[in-house]
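The following account leads from the overall architecture of a protein chain to its helix ends, its charged pairs and its internal space. Please keep the structure in view while reading.

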Amino acid sequence: MNIKEQLQKCIEEIIISLFQVKDIKLEVQDNKTTFEGDYTIVIFPLVKIAKKKPEEVGLLLGNELLIKTDFVENFTVVKGFLNVNIKESYFLNQLNFIDSELDTINNRSENVMVEYSSPNTNKPLHLGHIRNNLLGFSIANILSENGYNVIKTQVINDRGIHICKSMLAWEKFGQEETPESENLKGDKLVGNFYVKFDQEYKKQIAELVAKGLDEESAKKQAPLILEAQEMLLKWEKNDLKVRELWEKMNSWVYKGFEETYKNLGVNFDQVQYESKTYILGKDIIQEGLNKNIFYKKEDGSIWCDLSDEGLGEKLLLRSDGTSVYMTQDLGTAVQRFKENNISKLIYTVGNEQDYHFQVLFLILKKLGYSWANHLYHLSYGMVELPEGKMKSREGTVVDADDLMHEMVETAKSKAQELGKLENLSPEEKENSYKTVGLGALKYFMLKIDPKKKMLFNPVESIDFQGNTGPFIQYTFARIQSLLSKAKYNENQQISPDIEINSFEKELILQLSNYKETVAKAAETLSPAQVANYVYELVKTYNSFYQNNNIMNLEDENEKQFKLKLSSITAKTIKKCLFLLGIGVVNRM
């Protein structure tokens, strides 16, 4: 138990002893005020029960802490705030405790599934997919650090009208092109044909409008869209030719996806395919129809009326019997809980789908699935560019592979400009460029609260100063250099009579918050909590480093203490970056 937890526990016991109440909890906070004290306790919630002035309550609590603990040095009361100073000797104990507990994980014996990525097989991954993958992968790491057994999964949207558009365009305009013949990643080749379909489709719409048809009718009657719809029906009827084309083009895409995932540093424990789950979804629709939870319209389409819940009517099956996204998502959810012993399921999907998930969760509750109360939508804001939102049909997206390549090249350019990697081998240099370039991208994406939309700025993200990945990685590298040059001996016992200055105290207090930060990040499903914590930790360390002469210290005990503090800081930085999917390098 760290000092803050001990202080919190002791305060709770004192409140019970003095006032015989258990439901009042006073929060212990790091003291960020100008008043003296390592921790601040807000005592206003206790004033009404104690029937005393805030200052009197503070004095009462402070005196009890002096009597009942051996780690409180003194205290001050400022209005409704009790500021507590911790004895110097306890800071060394705290540092040893932090070091021993840093890699300890309390296993919860609870399985959690996190879904992320889940792309369509009609185009390559883009900037929006990068934020999705990084969020999902980071949340999986954070949950694992909190003791959960995490199953990372994605459901591949491998069927539907959008897939048929790419297939039809390749059939009509492809001239038997393959990834090999075009020397192009398979997902990019297929994506080009999705764009080609849209271009030709728009031409047909324009021609029909020119002949006097209104635009909405033209969109429905254009030959290309009718052919794509016919192809989807053939696919659902297992037409051999359509299925063979579908399998061939999807295999190209999967190979391309794997390459992108590997470069991005994300992975999956399971992969599901919509083409396998949409039939299960249809069974569930029939079940809901039989229970009168759903209803059928005159045209044969099946709906769920959620008007009483303010969500309107929702289509579940088209009149021609084909599935919609909701059909497949119902089937996939049921399959996941059936086949995996999971206690909760987290969907990492953009906030444009908020309504979809409200409906999905509500329908599953109506169908009587008890686990429907343990479904969570990690809703995040869209990634935007200075030019505006991305549109895949127009071929103007920021391609994920191109962006990653650009980030690595920028990191390379920066490193060559600084000239600090000259003694490394070519392989080590390339690893450094990649780690720093992708670290910049990942940190920039994850430091912002997921719920907020974000404007991605590649140049700003790779700055070596400020709240950036490279700034944090640079501090780690600086510590590695210090530990080596100053000859850190991790086995040396530090004498307990060491004097600890204010910069060291602040750093130890900051280090003690690691576990609490990761717990909050898991609870709120926000990697931004970890990103902002490690940034504050790095700033605190840099302040300590600039105000403490370590290299030239003659007192070996004092020197090794400062090096130990530096080493534990580096370990904590590395762990935080790992949770964000970011690597470290020893030289930058």
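Helices, in what follows, are DSSP runs of H or I with at least four residues, and strands are runs of E with at least two, both numbered from the N terminus. Counted in this way, the protein has 22 helices and 14 strands. The model is a predicted one. Along the principal axes, its C-alpha atoms fill a box of roughly 90 × 65 × 45 Å. The protein comprises 588 residues, of which 54% count as buried.

A useful starting point is helix 11 and the residues that flank it. Helix 11 covers residues 240-264, 25 residues in total. From the first C-alpha to the last it reaches 36 Å, close to the 36 Å expected at 1.5 Å a residue. The approach to this helix is a loop from helix 10 (223-236), and N238 is placed in that loop. Most residues other than glycine have a negative phi, and most peptide bonds are trans. N238, however, is a residue other than glycine with a positive phi, near 60 degrees. N238 counts as exposed, because its relative accessibility is 52% and the threshold for that class is over 50%. At the N-terminal end of helix 11, D239 acts as a cap: one of its side-chain oxygens lies 3.2 Å from the backbone nitrogen of K241. Just after the helix, G265 also takes a positive phi, of about 85 degrees.

The loop between helix 7 (179-182) and helix 8 holds another such residue, N183. Although N183 is not a glycine, its phi is positive, at about 50 degrees. N183 is exposed, with a relative accessible area of 72%.

Attention may now turn to the charged side chains. Side chains of opposite charge can pair when their charged atoms come close. How many salt bridges does a search of the whole structure find? The search finds 26. Three of these pairs are considered here in turn.

In the first pair to be examined, the side chains of K185 and D187 meet at 3.2 Å, N to O. K185 is buried, because its relative accessible area is 16% and the limit for that class is under 20%. D187 is likewise buried, with a relative accessible area of 0%.

The next pair is D198 and K202, whose side chains form a salt bridge at 3.4 Å, N to O. Both residues lie in helix 8 (residues 186-210), four residues apart, about one turn of the helix. An α-helix has 3.6 residues a turn, so residues three or four places apart point the same way. The accessibility of the partners is as follows: D198 is buried, with a relative accessible area of 9%, while K202 is partly exposed, at 44%.

A pair with this spacing is also found in helix 22 (residues 556-579), where E558 and K562 are four residues apart and thus separated by about one helical turn. Their side chains meet in a salt bridge of 3.7 Å, N to O. E558 counts as partly exposed at 26% relative accessibility, whereas K562 is buried, with a relative accessible area of 3%. Elsewhere, salt bridges that share partners join K185, D187, K188, D399 and D401 into one network.

Helix 22 also contains N557, which is buried, with a relative accessible area of 17%. The C-alpha atoms of N557 and V42 are separated by 38 Å, and these residues stand 515 residues apart along the chain. A further buried position is E115, at 5% relative accessibility. E115 is found in strand 5 (residues 111-115), and its side chain makes a polar contact of 2.7 Å with the side chain of R336.

The final topic is enclosed space. Rolling a probe the size of a water molecule over the atoms shows where empty space is left. How many cavities of 30 Å³ or more are counted? The count comes to one. About 60 Å³ of space lies in the largest cavity. Its lining consists of A411, A415, L418, L421, S432, Y433, V436, F464 and M588. Helix 15 (400-418) and helix 16 (426-446) each supply at least two residues of this lining. By class, the lining residues divide into eight nonpolar, one polar and no charged.

Definitions and conventions. Residues are numbered from 1 along each chain as its sequence is written. This is a predicted model: local features need pLDDT of at least 70, side-chain atom pairs count only at pLDDT 80 or more; totals for chains, interfaces and linings use all residues. Side-chain values use heavy atoms; hydrogens and water are left out. On a 1 Å grid over the protein atoms alone, a cavity is a set of points where a 1.4 Å probe fits but cannot get out, and a pocket is an open set with protein on both sides within 12 Å along at least five of seven lines; lining residues have an atom within 4 Å of a point. Grid points are joined across faces, edges and corners, and a volume is the space filled by probe spheres set on the points. Ala, Val, Leu, Ile, Met, Phe, Trp, Tyr, Cys and Pro count as nonpolar, Asp, Glu, Lys and Arg as charged, and the others, Gly among them, as polar. The expected span of a helix is 1.5 Å times one less than its number of residues. A polar contact is a pair of N or O atoms within 3.5 Å; within protein, one must be able to donate a hydrogen and the other to accept it, and residues adjacent in sequence count only if both atoms are side-chain atoms. A salt bridge is a side-chain nitrogen of Lys or Arg within 4 Å of a carboxyl oxygen of Asp or Glu. Buried means under 20% relative accessible area, exposed over 50%, partly exposed in between (1.4 Å probe, protein chains only).
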